[in-house]
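Thanks, everyone, for making the time this morning. I would like to walk through a few places in one model, and I will put the sequence and the structure up now so that you can follow along.

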Amino acid sequence: TDTPLSPQELAQKGLIQIPMLVGGLVPVVNLPGVASNKLVLDGATLADIMLGRINTWNDPALAKLNPGLNLPAKPIVRVVREDSSGSTEGFTRYLALSSSRFKQTVGESKKPTWPGKVIEAKGNDGVVDAMRDQSGSITYVSYDRVAKDQLIAVKLVNPTGRAVAASEEGFKEAILGSDVYRQGDDSASLLNVARKEAWPITLTSYVLLDTRPKDKVAANWSAHYVYWCFMHGDDLTRGTGFAPLPSRVQAKLVARLTQIHGPDGEVPKFIQP
């Protein structure tokens with residue numbers, strides 16, 4: 001999940017929550033004549049686009065943010081996820097933070113009701129394909145898809161007033177400016193962190209593990225896999241579009257694995273030969 005569960009939800013469902021890595025969501029467009037990371041948006045303007053309040057690319061609000069950029073007089077076509085999605089929840093959470101109008105009208109949701117006419121598509125592949133088929137379109141994808149699919153990314157203005165492009169360094173900056181780093185709170189938000197190069201739509205991805213698994217062997221290997229990721233996985237994330245968690249956060253998470261107890265009451269053997 002990209003949205004952390006509360007301690008009450010975890011207790012009710014009998015789960016532990018382990019943050020694994022950090023990534024980001026990126027608005028991407030199909031806009032003839034506009035190259036990647038040339039179009040600049042801020043959170044409030046992006047929210048108005050997704051609300052259907054700004055519906056042409058040469059709108060004065062967009063022109064003001066993009067002096068010198070030749071924006072076409074084309075309709076804006078919104079492409080959104082048809083399926084329930086943690087990415088959509090993270091995206092709407094950012095828009096709700098950026099716009100009180102969006103918060104009141106749409107709010108945070110894995111499957112929101114979008115105002116007006118939108119194109120719906122299933123999964124990341126679906127929205128990318130739909131966007132490519134529709135000139136003048138905009139959608140949102142995980143950062144790792146931008147390079148993989150050669151998409152036209154949008155810059156966003158972060159709380160410092162700086163227009164930044166999404167990057168692994170931008171995710172790390174968001175971590176360093178948040179309570180994830182300052183207080184070791186792994187469930188703290190990484191959205192809209194006020195740090196110079198921080199990417200505004202940065203999210204932590206979590207795995208959820210059963211605290212009372214019935215299969216001892218599966219519990220052992222699942223816990224071992226998570227432990228191995230903490231010990232060896234950071235190098236593997238470099239260049240993939242994700243960033244590792246700070247080591248000070250990872251160090252305390254190993255103890256969380258001891259909250260798992262198999263059918264015989266034993267803690268899984270997460271340190272395997």
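A polar atom of the side chain of Q17 lies 2.6 Å from the backbone nitrogen of L5, and I should say at once that this is a predicted model, so such a distance is a property of the prediction. Q17 is found in strand β1, and with a relative accessible area of 4% it counts as buried, because the cut-off for that class is under 20%. If we set aside residues up to four places away in sequence, Q17 touches P4, L5 and L10, then Y206, V207 and L208, and also R256.

Staying with that strand for a moment, which part of the chain gives the most to the largest nonpolar core? The largest such core has 69 residues, and those with the most contacts inside it are L46, M50, F91, F102 and L257. It is strand β1, residues 15-30, that gives the most to this core, with eight residues. As a general background, nonpolar side chains tend to be buried together in soluble globular proteins.

Let me take L46 from that list. Beyond its neighbours within four places in sequence, L46 is in contact with P27, L41, F91, Y94, L95, I138 and L156. Two of these partners, L41 and L156, also meet each other, since L156 in β7 is the bridge partner of L41.

That brings us to the sheet, an open one of three strands in the order β2-β7-β8, with mixed pairing. At its edges stand β2 (40-41) and β8 (163-164), each with a single partner strand, so one side of each is left without a neighbour in the sheet. Strand β7, residues 155-157, runs parallel to β2, and two bridges join them.

Finally, I would like to turn to the backbone in two loops. Most residues other than glycine have a negative phi, and against that background we can look at Q150, which is not a glycine and yet has a positive phi of about 50°. Q150 is found in the loop between α7 (144-148) and β6 (152-153), and it counts as exposed, at 70% relative accessibility.

The second case is N192, again a residue other than glycine, whose phi is positive and near 55°. Is N192 buried or exposed? With a relative accessible area of 25%, N192 is partly exposed, and it is found in the loop between α9 (179-182) and β9 (202-210).

Methods:
Residues are numbered from 1 along each chain as its sequence is written. This is a predicted model: local features need pLDDT of at least 70, side-chain atom pairs count only at pLDDT 80 or more; totals for chains, interfaces and linings use all residues. Side-chain values use heavy atoms; hydrogens and water are left out. A nonpolar core is a set of buried Ala, Val, Leu, Ile, Met, Phe, Trp, Tyr and Cys residues joined through side-chain atoms within 4.5 Å. Buried means under 20% relative accessible area, exposed over 50%, partly exposed in between (1.4 Å probe, protein chains only). Helices (H or I, at least four residues) and strands (E, at least two) are DSSP runs, numbered from the N terminus. Contact means heavy atoms within 4.5 Å. Two strands pair if DSSP finds at least two bridges between them. A polar contact is a pair of N or O atoms within 3.5 Å; within protein, one must be able to donate a hydrogen and the other to accept it, and residues adjacent in sequence count only if both atoms are side-chain atoms.
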